[in-house]
Amino acid sequence: MGLYCGVDLHSNNAVYAVLDETDRQVFKKRLPNDLPKVLEALAPFKADLRAVAVESTFNWYWLVDGLQEKGYPVRLANPAAMKQYDGLKDANDDTDAVFLAHMLRLGILPEGYIYPKGDRPVRDLLRRRMLLVQTRTSIQLSLRSLMTRQTGKNPGWQELRRREPSDFRHMLGGDEVLIFTVEQQMGLIRFLTEKIRLFEKQILERAQLKPEYELLLTIPGVGMILALTIMLETGDIGRFPGAANFTSYCRAAKARRMSNGKCKGDNNGKCGNAYLSWAFVEAVHQALRFCEPARKFYQRKSARRNEALAVKALASKWSKAAYYVMKRQEPFDVKRVFG
């Protein structure tokens, strides 16, 4: 007899539902997020379990890893691709868990990618580094805004960082409150810069570089950090059937519903990987500085539409190029991108 388990996972507990091949419930219970208790509850069904479907939430690592280490066949359910019957009047955690098990039994469960456990720590280090960089950028912009309001000028960050404390005192007319604000913000920026360097040191020491890392560096605008981000956020490039699938995952594809040549609405443009989306937009901004074909493409697009759409269009091309670079293990070829 084959059994199928669905898990509706939450921050501190989860509902476990086990169905047999006729959709009959043989077990259903809410359990705390405690791996020994989960293993104890599922142990009587282990021999007959064909698979366990765990909902892909922000905290699935501990459960998926723990079940896999004990020999359970685990599938990561993609909630963004699932839709229950619209006429269902009473939907709750119990029905969600049963629904997961039901789709698993039918073989129609939309699945997510179980990222290799060994690669996750370095990938997450890169994500935390990105958070620090964004925080530092926010403080830099705040500091520049303050100086613009008080002086009528718009100094760049490189100009501000070269200034001495006495310069700020003169520029701000000796106002002690403003001077204190500037000094504290400058201190925060220096502190964050130091932490970012520590993160980068850890990343470089621990990252297991794949062959595609060197190839990604051949893409204009892609440096060490962006190449590592693309490599680690992508994982196994073989999980994407084609370049269009990868581009969609990078949030670089249109999210529209079309019918008879007309747009009927927007789909979820946030489906996909936010970190890859950021990486390719950053690469494009860098590439525009020295890649002439990219700059010409951007200028044509921005003239017809706007700058934001031009950047996204170029990011789409860069993501497709990265797909083929990783898939074919070939360096970037600008002629293939622009024809």
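This is a guided tour of the structure above, from selection to selection.

The model is predicted: local features need pLDDT of at least 70, side-chain atom pairs count only at pLDDT 80 or more, and totals for chains, interfaces and linings use all residues. Residues are numbered from 1 along each chain as its sequence is written, and side-chain values use heavy atoms, with hydrogens and water left out.

**Stop 1: strand S4 and its neighbours**

Select residues 49-55, which form strand S4. Helices (H or I, at least four residues) and strands (E, at least two) are DSSP runs, numbered from the N terminus. Six of the seven residues of S4 are buried, where buried means under 20% relative accessible area, exposed over 50%, and partly exposed in between (1.4 Å probe, protein chains only).

Add residues 3-9, strand S1, which pairs with S4 in the parallel sense over five bridges. Two strands pair if DSSP finds at least two bridges between them. To place the register, pick Val 7, whose bridge partner in S4 is Val 54.

Next, add strand S5 (residues 74-77), which is parallel to S4 and joined to S4 by four bridges. Here Ala 53 has Arg 75 of S5 as its bridge partner, and Glu 55 stands opposite Ala 77. While side chains are displayed, recall that in a regular strand they alternate between the two faces of the sheet.

Now show helix H2 (residues 61-69): together with S4 and S5, H2 makes a right-handed β-α-β unit. The crossover is right-handed if, with the strands pointing away from the viewer, the path from the first strand over the helix to the second runs clockwise.

**Stop 2: the aromatic cluster**

Select Phe 240, Phe 246, Tyr 249, Phe 280, Tyr 323 and Tyr 324, which form one aromatic cluster. Rings of Phe, Tyr and Trp (its six-membered ring) pair if their centres lie within 6.5 Å; planes under 30 degrees apart count as stacked, over 60 as edge-to-face and the rest as tilted. The whole structure holds 11 aromatic pairs. One of them is the edge-to-face pair of Phe 240 and Phe 246, at 5.2 Å centre to centre with 75 degrees between the planes. Phe 240 is buried, at a relative accessible area of 6%, and Phe 246 is buried too, at 0%.

Move on from Phe 246 to Tyr 323: these two rings form a tilted pair, 6.2 Å centre to centre and 35 degrees between the planes. This pair links distant parts of the chain, with Phe 246 in helix H10 (residues 243-249) and Tyr 323 in helix H13 (residues 307-328), 77 residues apart. Tyr 323 is also buried.

Then add Arg 239 and Tyr 113. The charged end of Arg 239 sits over the ring of Tyr 113, 3.9 Å from the ring centre. The charged end of Arg 239 also sits over the ring of Tyr 249, at 5.0 Å from the centre. For such a contact, NZ of Lys or CZ of Arg is within 6 Å of the ring centre and within 35 degrees of the ring normal.

**Stop 3: the cavity**

Select Leu 126, Arg 127, Arg 129, Met 130, Ile 225, Thr 229, Glu 233, Tyr 275 and Trp 278, which line the largest cavity. On a 1 Å grid over the protein atoms alone, a cavity is a set of points where a 1.4 Å probe fits but cannot get out, and lining residues have an atom within 4 Å of a point. A search of the whole structure finds one cavity of 30 Å³ or more, and the largest encloses about 40 Å³. Grid points are joined across faces, edges and corners, and a volume is the space filled by probe spheres set on the points.

Colour helices H4 (120-151), H9 (224-234) and H11 (274-287), the elements that give two or more residues to this lining. H4 gives the most, with four residues.

**Stop 4: two loop residues with positive phi**

Most residues other than glycine have a negative phi. Select Asp 23, whose phi is near 70 degrees. Asp 23 lies in the loop between strand S2 (13-19) and strand S3 (25-32) and is partly exposed, with a relative accessible area of 27%.

Finish at Gln 329, where phi is positive at about 55 degrees. The loop that holds Gln 329 runs between H13 and helix H14 (334-338), and Gln 329 is partly exposed, at 37% relative accessible area.

Note on methods. 1 Å grid on protein atoms, 1.4 Å probe; cavity = no way out; pocket = protein on both sides within 12 Å on 5 of 7 lines; lining within 4 Å.
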